Amino acid sequence: MLKKEEGLVPKHVAFIMDGNGRWAKKRLQPREQGHRAGAKKFKEIVKHCAEIGVECVTVYAFSTENWKRPKREVDAIMQLFREYIREAVQDFEKNDIRVLFIGNRSVFDDETKKEMKKVEDLTADRHKTLCIAINYGGRAEIVDAVNQMIANGKTFVTEEDVTREIYSGAVPPPDMIIRTGGEIRLSNFLLWQSAYAELFFTETLWPDLQNEEVDSMIETYYQRNRRYGGV
Ligand code: IPE
Ligand code: IPE
Ligand code: MG
């Protein structure tokens, strides 16, 4: 297992958790079962990342485009989300992980919004960070940030202003973005923050992802040469 002491670990790893539906289909199960397996895997991977010394993890749980799916599937995902927020505070206590939600919350009912806020408040003093992107869209995030700055009376903005105003303003940009499920695209994830992220794609379906594969991608990450436009 990779260890922080070996200096091999990126600070922020983001995951596009894709492939739940196909995982279920392969087992002749309804897609909802795939999401249930995916939710279980999410907790495992987040804990593993904390154990190897990753300070921040972001996961893409539901996009602004995922509302296009059949109601039954959307309801199942939202149900899993509500179940999850009820256990989040305790679940990540041992790993010292605070939880933040990024995305547009206006779609959630008051009770869910209150629960989300409660999770953020009760975990605020912890030292590692998990950002859950839910009803998240990279474009919407940038537009919301710009509108917020207009509302604040700004007439000219800098990159620093946008960085501060986006939902995840509190955390550094991801060093790595890992997408499971075989598609080679970002699907509107972290558009602003991904400018210099190292991208990793694997055919592995999200519920099948193993800690060892994450470790091996992190090892590859370390061999890449990040130049940020320099030589
Ligand atoms: C990702 O898995 C989870 C969400 C988008 C909520 P998918 O549900 O997209 O799984 P596939 O891509 O259909 O296999
Ligand atoms: C991206 O997966 C969104 C999440 C993982 C939450 P999708 O399955 O929605 O992406 P597309 O439709 O393949 O681009
Ligand atoms: Mg998908």
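This passage walks through two ligand sites and a few individual residues in a predicted model.

Ligand 1 is a good place to start. It has 13 residues around it, and those that come nearest are Asp18, Gly21, Arg22, Arg31 and Arg69. Two of the polar contacts of ligand 1 involve residues that follow one another in number. The side chain of Asp18 has an N or O atom 2.8 Å from an oxygen atom of ligand 1, while Gly19 takes part through its backbone, with a polar atom there 3.3 Å from a ligand oxygen. Arg31 adds a side-chain contact, its polar atom lying 2.9 Å from an oxygen atom of ligand 1. On its own, ligand 1 has 380 Å² of accessible area, and the protein covers 86% of it. As for where all this happens, ligand 1 sits in the largest pocket.

Three helices each give two or more residues to the shell around ligand 1: H1 (20-26), H2 (31-51) and H3 (71-91). Helix H1 has the largest share, at three residues. Sorted by class, the shell around ligand 1 holds five charged, five polar and three nonpolar residues.

Now for ligand 2. The space it takes is, again, the largest pocket. The residues around ligand 2 include Ile16, Met17 and Asp18, then Tyr60, Ala61 and Phe62, and also Asn66 and Arg69. Further along the chain, Arg179, Arg185 and Ser187 belong to this group too. Asp18 and Arg69 thus turn up beside ligand 2 after being named among the residues nearest to ligand 1.

The polar contacts of ligand 2 bring in those later residues. A polar side-chain atom of Ser187 is 2.6 Å from an oxygen atom of ligand 2. For Arg185, a side-chain N or O atom lies 2.8 Å from a ligand 2 oxygen, and for Arg179 the corresponding distance is 3.3 Å. Taken alone, ligand 2 exposes 390 Å², of which the protein buries 78%. Strand E2, spanning residues 56-63, gives the most to this shell, with three residues. By class, the shell around ligand 2 comes out as five nonpolar, four charged and two polar residues.

Ser187 deserves a second look for its backbone. Its phi is near 50 degrees, a positive value in a residue that is not glycine. The residue lies in the loop between strands E5 (176-179) and E6. Ser187 has a relative accessibility of 31%, so it counts as partly exposed.

Tyr228 has a similar story to tell about phi: the angle is positive, about 50 degrees, although the residue is not a glycine. Tyr228 is found in the segment after helix H7. Its relative accessible area is 48%, and because the exposed class begins over 50%, Tyr228 is still only partly exposed.

What about Pro207, buried or exposed? Its relative accessible area is 10%, and since the cut-off is under 20%, Pro207 is buried. Its place is in the loop that runs between strand E6 (198-201) and helix H7 (211-223). Pro207 is also paired with a residue from far back in the sequence: His35 is 172 residues away along the chain, yet the two C-alpha atoms are 8.4 Å apart in space.

Conventions:
Residues are numbered from 1 along each chain as its sequence is written. Chains are lettered from A and ligands numbered from 1 in the order in which they are written. This is a predicted model: local features need pLDDT of at least 70, side-chain atom pairs count only at pLDDT 80 or more; totals for chains, interfaces and linings use all residues. Side-chain values use heavy atoms; hydrogens and water are left out. A residue is near a molecule or strand if one of its heavy atoms lies within 4 Å of it. A polar contact is a pair of N or O atoms within 3.5 Å; within protein, one must be able to donate a hydrogen and the other to accept it, and residues adjacent in sequence count only if both atoms are side-chain atoms. Accessible areas come from the Shrake-Rupley method with a 1.4 Å probe; for residues, only the protein chains shown count as cover. On a 1 Å grid over the protein atoms alone, a cavity is a set of points where a 1.4 Å probe fits but cannot get out, and a pocket is an open set with protein on both sides within 12 Å along at least five of seven lines; lining residues have an atom within 4 Å of a point. A molecule sits in a cavity or pocket if more than half of its atoms lie within 2 Å of its grid points. Helices (H or I, at least four residues) and strands (E, at least two) are DSSP runs, numbered from the N terminus. Ala, Val, Leu, Ile, Met, Phe, Trp, Tyr, Cys and Pro count as nonpolar, Asp, Glu, Lys and Arg as charged, and the others, Gly among them, as polar. Buried means under 20% relative accessible area, exposed over 50%, partly exposed in between (1.4 Å probe, protein chains only).
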